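Grab a pencil and work through these exercises with the structure open beside you. Try each task before you read its solution.

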Amino acid sequence: MRLTAAVTVLVGAALVLASVLLVHSMSRTLLGRAETAARAEVDRAADALAHGRPLDDRRTVPAEYITVIQVLDPAGRLVAQLPPPVADPVAPAERARAGATRPGAVPGPGATGPGGPGGEAGLPSREHPAKNLVVASRTVRTPDGPRTVRAVSRLGQVTASVHVVQRALLVATPLLTVLVGALTWFAVDRALRPIESVRRRAEAISHSTLGERLPHARTGDEVERLTATLNAMLDRLDAGARRQRQFVSDASHELRTPLAAMRAELEISLAHRGDAEWRPAATRLLDDHRRLDRLTGDLLLLARVDDAPAPTARGAPVDLAVVVAGELPAVTRARPTVDLAPVFTTGVEADLVRLVRNLLDNADRHAATTVAVRLRHVGGGSGPPPRIGPPQGWAVLTVDDDGPGIPAADRERVFDRFVRLDDGRNRDSGGSGLGLAIVRGVAHRHGGTVTATASPLGGARFEVRLPLA
């Protein structure tokens, strides 16, 4: 409603201003034409008298502009008049208002005369608008002496035309203002109706109903794009909420399992205490504790990685070849084949060590006999990094194994948290499902990517790309 009221007020003000300008311009134009016609007739009559020719009743301008052409002597007495006084169409009341009720009288004070207004040659004067007269006068020398020629114009048609326009505008301006206000209200209401529908629907969506979506407004304008953007935002919020709920559920499951095992081992150990039995129980408790500690560390690392991505420029140059070589002894089940080139990237060395360790641990767990590790660079150089400047290329780390591989449908899902492709969640099947999620989180935090594809060895290939220093 505020927008409609503002538009209506502005349009009304604009129409009033335009009406005033129109009436003013029309009045000036019509009066200007009457004055021009009066001056033309005065000049024609004055030239005829100056050359001793008699006056004639021929008009060179439209008749509606000129009513009377009068010739006066220096004393102000009427000498001649066209048309003659008997044919004067000026009504008695108008002549009375003009001060010209009898021949020879001067119409109105200051209308003409040798020393009065308009008395100078070619200089017209205008009576008060209420008298409806325009007087143009000129004094010339004739064979009979000085004579003043003046033209009296009735402005009845001019003022009548102006009054008609004024009355029309007085009616049309309010009507147009109301019409524009109604059209504005209708247009704004139609334009905002989809937004109001979206607002009501969005107001009804809560944390427990994030699966609902806003009505898609097929308007082809900004409203449709806004609806699509809000629905995309709801998709992200819904996905984040689902991941959070899944994370809490899986974390509780993973944390409760070793804790329950530790409690059972302790209870059994306490019930059958003995030196021969206590050492194996303590060993198992230590293994469960290490698993719990590793899982807790993974959760803390993921929470840190989930924070705002840290620009790689904040880290220090790291030699990936040294990092990979330092983690190779962790490959114990399979036979590693290595091809490392000296490649530098920028980042946090501890996080990059964890990335390489998780990749090698995953490959070693699933490989049949072989794990192939290769480090190279794409673009840029292989020497020490420059101290300044943007990245010149990519450091590419690939880890292949000859294990069962990853189905194409699961190659993106394996990077989700607590996702393991095996059905069981026992200790023999591997880790907790956070290793590859940490790999992707660290890679993204360092401005890189990680993908899973098929390996030439027959298993899975994980390829990490990090920007060169």
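**Exercise 1: the whole chain**

How many helices and how many strands does the secondary structure of the protein chain come to?

*Solution.* Keep in mind that this is a predicted model. Going through its secondary structure gives 8 helices and 12 strands. Next, look at burial: the chain has 469 residues, and 37% of them count as buried. Then turn to the outside, where the accessible surface is about 26,500 Å². Carbon and sulfur atoms own 59% of that surface. Last, check the contacts between residues at least 6 apart in sequence: 64% of these join residues at least 24 apart.

**Exercise 2: a pair of rings**

Find the aromatic pair and work out which kind it is.

*Solution.* Step one is the count, which comes to 1 aromatic pair. The partners are Phe 415 and Phe 462, with ring centres 6.0 Å apart. Ring centres have to lie within 6.5 Å to pair, so these two qualify. Step two is the angle between the planes, 85°. Anything over 60 degrees counts as edge-to-face, so that's your label.

Step three: where do the partners sit? Phe 415 is in the loop between strand 10 (394-401) and helix 8 (435-445), while Phe 462 belongs to strand 12 (residues 460-467). They're 47 residues apart, so the pair links distant parts of the chain.

**Exercise 3: buried or exposed?**

Decide whether Phe 415, Phe 462 and Asn 231 are buried or exposed.

*Solution.* The cut-off you need is under 20% relative accessible area for buried. Phe 415 has 5% relative accessibility, so it counts as buried. Phe 462 comes in at 2%, so Phe 462 is buried too. Asn 231, with 12%, is buried because that value is also under the cut-off.

Now place Asn 231: look in helix 4 (residues 222-271). Leaving out residues up to four places away in sequence, Asn 231 touches Arg 213 and Leu 214.

**Exercise 4: helix 8 and its neighbours**

Which residue of helix 8 has its charged end over the ring of Phe 415, and how do helix 7 and helix 8 pack?

*Solution.* Start with the ring: the charged end of Arg 440 sits over Phe 415, 4.2 Å from the ring centre.

Now for the packing. Two packed helices are described by the angle between their axes and the distance between the axes. For helix 7 (residues 349-366) and helix 8, the angle is about 145° and the axes are 9 Å apart. The crossing is left-handed. To see who meets whom, look for Leu 352, Leu 355 and Leu 359, among others, on helix 7. Their side of the meeting faces helix 8 residues including Leu 436, Ile 438 and Val 442.

How values were computed: Residues numbered from 1 in each chain as written. Predicted model: local features only at pLDDT ≥ 70, side-chain atom pairs only at ≥ 80, totals over all residues. Heavy atoms only, no water. Phe/Tyr/Trp six-rings, centres within 6.5 Å; stacked < 30°, edge-to-face > 60°. Helix = DSSP H or I, 4+ residues; strand = E, 2+ residues; numbered from the N terminus. Buried < 20%, exposed > 50% of the residue type's maximum accessible area, 1.4 Å probe, protein only. Lys NZ or Arg CZ within 6 Å of the ring centre and 35° of its normal. Contact = heavy atoms within 4.5 Å. Areas by Shrake-Rupley, 256 points an atom, 1.4 Å probe, with all protein chains shown as cover. Axes fitted to C-alpha atoms, helices over the stretch in contact; angles between N-to-C directions. Left-handed = near helix turned anticlockwise from the far one by under 90°.
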